[in-house]
Amino acid sequence: MTTTSTRVSVELVPRSRSGLRAELEAVARHLPGVDTVNVVDLTRYSTRSWQGCALARPHYRAIPHIRAVDLDPDGPLAMADALAAQGIDEVLIVTGDAPADMSARVYDVDAVRAIRRFRRELPHVRVYAGLDPYRQSFARERDYLERKLEAGACGFFTQPFFDLRLLAAYADLIPGEAEVWWGATSVLTPTSLNYWRARNHAVFPRTFEPTLEWNRTFAAGLLAFARDRGQHAYFMPVKADARAYLEGIV
């Protein structure tokens with residue numbers, strides 16, 4: 001079973017509230033096909049993901065990233081009241097990296113445990129989990145996806161893809177009832193390309209070029225793939241102007 005209509009999200013980073021407001025205004029002005037915003041949660045910035053999502057409401061549906069390692073198992077969910085106040089009823093649970101500032105408190109909570117907690121304490125909130133095609137084998141990632149679904153996830157946000165053939169292979173692994181947000185990002189410099197290869201072990205086709213034209217063509221192809229299947233798409237305009245990257249595509 002697939003969803004009935006394709007949603008399109010732009011992933012934004014809340015470096016500052018003023019900067020985020022400006023990005024939201026640019027998306028609203030130039031990317032009329034975007035109906036959702038997903039906001040990452042990076043501990044080096046003072047604005048948390050759910051606070052950034054509040055700035056996107058009510059114009060957009062908003063999906064904050066929630067880091068499992070930040071959830072105190074003995075304390076309340078810190079973002080619960082903010083989600084309710086803004087009418088935010090979707091979240092993306094990620095495990096979360098250890099903070100650069102080692103004085104910041106983190107907990108031994110993984111994504112599966114965090115998903116279970118959200119479903120138990122906030123049953124009205126739809127919980128998405130992550131899908132990473134690069135971190136382990138197909139079989140292990142498939143098994144991990146199944147554990148997340150069993151914990152209560154309704155679907156997945158993927159790491160960005162750069163090859164539609166790999167994307168199609170992963171589409172066959174995902175149970176049909178799960179909602180999927182297929183991801184793409186802009187890679188426009190050799191430095192960025194090296195980052196994705198070295199840090200995330202991303203797979204690029206031989207035809208890849210770190211140009212705006214190549215990235216726009218791939219974004220259009222990924223969106224068409226999602227629409228063909230009644231699934232969703234999100235785009236990360238990293239170090240790229242969202243308008244230049246996506247105008248005329250979404």
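## A buried threonine in a loop

Threonine 47 lies in the loop that runs between strand E2 (36-39) and helix H2 (49-56), in what is a predicted model. Although the residue belongs to a loop, threonine 47 has a relative accessible area of 3% and is therefore counted as buried. Leaving aside residues up to four places away in sequence, threonine 47 touches Pro14, Arg17 and Gly52.

## Helices H4 and H5

Helix H4 (residues 111-121) packs with helix H5 (residues 138-151) at an angle of about 20 degrees, and the two axes are 8 Å apart. Because angles under 35 degrees count as roughly parallel, H4 and H5 are described as roughly parallel to each other, and their crossing is right-handed. On the H4 side the contact involves Ala111, Val112, Ile115, Arg116 and Arg119, which meet Tyr144, Arg147, Lys148 and Ala151 of H5. Sorted by class, this contact of H4 with H5 has five nonpolar residues and four charged ones, with no polar residues.

Which residues of H4 are buried? They are Ala111, Val112, Ala114, Ile115, Arg117 and Phe118. The cover over these buried residues of H4 includes H5 itself, together with strand E3 (61-67), helix H3 (80-86), strand E4 (90-94) and strand E5 (126-131).

## Helices H6 and H8

A second helix pair is formed by helix H6 (residues 164-171) and helix H8 (residues 212-228), which pack at an angle of about 20 degrees with their axes 11 Å apart. That angle makes H6 roughly parallel to H8, and H6 passes H8 in a right-handed crossing. Leu164, Leu167, Ala168 and Ala171 make the contact from H6, while Phe218, Gly221, Leu222 and Phe225 make the contact from H8. By class, the contact of H6 with H8 has seven nonpolar residues and one polar residue, with no charged residues.

## Cysteines without a disulfide

How many disulfides are counted in this model? The count comes to zero, where a disulfide would require a pair of cysteine sulfur atoms within 2.5 Å. For cysteine 53, the closest cysteine sulfur is that of cysteine 154, and because the separation is 15 Å, the two are too far apart for a bond. Taken from the other side, the closest cysteine sulfur to that of cysteine 154 belongs to cysteine 53, again 15 Å away and too far for a bond.

Cysteine 53 has 0% relative accessibility and so counts as buried. Cysteine 154, with a relative accessible area of 18%, is buried as well, since the term applies under 20% relative accessible area.

## Backbone details in the loops

Arginine 57 and proline 58 are joined by a cis peptide bond, with omega at about 0 degrees. Proline 58 is placed in the loop between H2 and E3.

Positive phi values are also found in loops, including at histidine 201, a residue other than glycine whose phi is near 55 degrees. Histidine 201 is found in the loop between helix H7 (190-199) and H8. Lysine 239, which is not a glycine either, has a positive phi of about 55 degrees, and it is found in the loop between strand E8 (232-236) and helix H9 (242-246). Is lysine 239 buried or exposed? With a relative accessible area of 83%, lysine 239 is exposed, whereas threonine 47, the loop residue described at the start, is buried.

Note on methods. Residues numbered from 1 in each chain as written. Predicted model: local features only at pLDDT ≥ 70, side-chain atom pairs only at ≥ 80, totals over all residues. Heavy atoms only, no water. Axes fitted to C-alpha atoms, helices over the stretch in contact; angles between N-to-C directions. Helix = DSSP H or I, 4+ residues; strand = E, 2+ residues; numbered from the N terminus. Parallel < 35°, antiparallel > 145°, perpendicular 65-115°, else oblique. Left-handed = near helix turned anticlockwise from the far one by under 90°. Contact = heavy atoms within 4.5 Å. Nonpolar A, V, L, I, M, F, W, Y, C, P; charged D, E, K, R; others polar. Buried < 20%, exposed > 50% of the residue type's maximum accessible area, 1.4 Å probe, protein only.
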